[in-house]
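Work through the exercises below with the model open. Try each task before reading its solution.

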Amino acid sequence: MSEDHYFTARPASADERRHVTVTLAGRELEVETAAGVFSPGHVDLGTRVLLRTVPKAPATGDLLDLGCGWGPVALTMALDSPGARVWAVDVNERALDLVRRNAARLGLTNVEAVRPEDVPADVRFAALWSNPPIRVGKDVLHDMLRTWLPRIAPGAEGLLVVQRNLGADSLAAWIDREVAPGTSKLASAKGFRVLRVPGPEA
């Protein structure tokens, strides 16, 4: 049994690619996935809850999928907002390769699949959507959110989906207290919370 985690930079598991059919942005699409990335067989329930809850992505500007995996959130953003630039960010190099290949397969030229350090420091995001990697542990998760949530553009918002029994309510309270005052619960469904994180006031 592999000890890989989806947040491993270079998964050790065999890079066995496969194609699965998924529904993104209201369309049935074939995408490429692989072992060693998060939810390789389907769009996971948390991400489905997030995508059912979010408003339509902004038509222009920089949009962020933080912890992109093989790309369901980033691809949805790119399909819905062809005039925007979508940043698909992950530490997992296999996941980034899959996002690039899936974007190319779908004819999407507005997706940048990159490691966190490769996003220019001056970029501010018109939307940040994430199914964050809760299982990396509280310290790593908090560092990640402290880094990225302040980069939401003034007047924009971030939307995070977190399992209730993995600490969604305590995480919302921490973000509200430590990072982004005004953070609130936007929706609940199937054991998940969708948290709304406001950007700074314009």
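Helix α1 (residues 45-53) lies across β6 (125-130), β7 (152-163), β8 and β9 (192-198), and runs at about 50° to β9. Helices (H or I, at least four residues) and strands (E, at least two) are DSSP runs, numbered from the N terminus. Angles run from 0 to 180 degrees between N-to-C directions, with axes fitted as lines to C-alpha atoms, for helices over the stretch in contact. Contact means heavy atoms within 4.5 Å.

This is a predicted model: local features need pLDDT of at least 70, side-chain atom pairs count only at pLDDT 80 or more, and totals for chains, interfaces and linings use all residues. Residues are numbered from 1 along each chain as its sequence is written, and side-chain values use heavy atoms, leaving out hydrogens and water.

**Exercise 1. The sheet**

Give the strand order and find the edge strands.

*Solution.* Step one: the open sheet has seven strands, in the order β5-β4-β3-β6-β7-β9-β8, with mixed pairing. Two strands pair if DSSP finds at least two bridges between them. Step two: β5 (111-114) and β8 (184-189) are the edges, each pairing on one side only. Step three: β4 (residues 85-89) pairs with β5 in the parallel sense, over four bridges. There, alanine 88 stands opposite alanine 113 of β5.

**Exercise 2. Helix α3**

Compare the expected span of helix α3 with the distance between its end C-alpha atoms.

*Solution.* Step one: the expected span is 1.5 Å times one less than the number of residues. Step two: for the 13 residues of α3 (residues 93-105) this gives 18 Å; the end C-alpha atoms are 18 Å apart, which agrees. Step three: look at the ends. Asparagine 92 caps the N-terminal end, a side-chain oxygen lying 2.9 Å from the backbone nitrogen of arginine 94. Glycine 107 follows α3, with a positive phi near 75°.

**Exercise 3. Asparagine 102**

Is asparagine 102 buried or exposed?

*Solution.* Step one: buried means under 20% relative accessible area, exposed over 50%, partly exposed in between (1.4 Å probe, protein chains only). Step two: asparagine 102 has 0%, so it is buried. Step three: leaving aside neighbours within four places in sequence, asparagine 102 contacts Val31, Glu32, Trp70 and Leu75.

**Exercise 4. Positive phi**

Where do alanine 25 and serine 39 lie?

*Solution.* Step one: most residues other than glycine have a negative phi. Step two: alanine 25 has a positive phi of about 50° and lies in the loop between β1 and β2. Its relative accessible area is 27%, so alanine 25 is partly exposed. Step three: serine 39 has phi near 50° and lies in the loop between β2 and α1. At 12%, serine 39 counts as buried.

Terms used:
Polar contact = N/O pair within 3.5 Å; in protein donor to acceptor, adjacent residues only side chain to side chain.
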